[in-house]
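The following exercises are to be worked with the sequence and the coordinates at hand. Each task is followed by a solution in steps.

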Amino acid sequence: MQEIIERYIASWNETDPEVRRGLVGELWAADGAYTDPMADVRGRDAIDGLIGTVQQQFPGLVFTLGGPVDANHDQARFSWHLGPAGDEPLVIGFDVAVLNAEGQIARVHGFLDKVPAAA
């Protein structure tokens, strides 16, 4: 599960659209869904589009894991940071990922713990 979540985070950092789309295709179920307070999308195309939009909104910032991945059965919870590489995060969140029987991400439930006032 740690490896899947690390690849999930890497997909949020991948700025090459073709490479990113490949990661989304490998990691996510065809009908996968992502929900957080600012987005609710379903399907690989929509998830890929959301990642691209977030990259445009926060240019030059990177996602990192905020600590170890805690997993059991088909689910994982983890915190993440978004900010300048090696610097204090501007955004901190907490996600729960649920995998399908094939080991792909079926759902991600996201929560935002720290958001800049201008976001």
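A polar contact is a pair of N or O atoms within 3.5 Å; within protein, one must be able to donate a hydrogen and the other to accept it. The model examined here is predicted.

**Exercise 1.** Determine which partners the side chain of Asp36 contacts.

*Solution.* Begin with the backbone: the side chain of Asp36 reaches the backbone nitrogen of Ala39 at 2.8 Å. Turn next to side chains: Asp36 and Tyr34 are joined by a polar contact of 2.8 Å.

**Exercise 2.** Establish whether Asp36 is buried or exposed, and which side chain of opposite charge is nearest.

*Solution.* Asp36 is buried. The nearest side chain of opposite charge is that of Arg107, 11 Å away. A salt bridge requires a side-chain nitrogen of Lys or Arg within 4 Å of a carboxyl oxygen of Asp or Glu. Asp36 has no salt bridge.

**Exercise 3.** Place Asp36 and Ala39 in their strands.

*Solution.* Asp36 belongs to strand 1, residues 28–36. Strand 2 spans residues 39–42 and includes Ala39. A hairpin through 2 residues connects the strands 1 and 2, which pair in the antiparallel sense over 4 bridges. Within this pairing, Ala39 is the bridge partner of Asp36. Along strand 2, Ala39 and Val41 point to one face and are buried, whereas Asp40 and Arg42 point to the other and are not.

**Exercise 4.** Explain why Gly52 counts as buried.

*Solution.* Gly52 lies in helix 3, residues 44–57. The cut-off for buried is under 20% relative accessible area. Gly52 is classed as buried because its relative accessible area is 15%.

Conventions: Residues are numbered from 1 along each chain as its sequence is written. This is a predicted model: local features need pLDDT of at least 70, side-chain atom pairs count only at pLDDT 80 or more; totals for chains, interfaces and linings use all residues. Side-chain values use heavy atoms; hydrogens and water are left out. Buried means under 20% relative accessible area, exposed over 50%, partly exposed in between (1.4 Å probe, protein chains only). Lys and Arg count as positive and Asp and Glu as negative; His and the chain ends are not counted. Two strands pair if DSSP finds at least two bridges between them.
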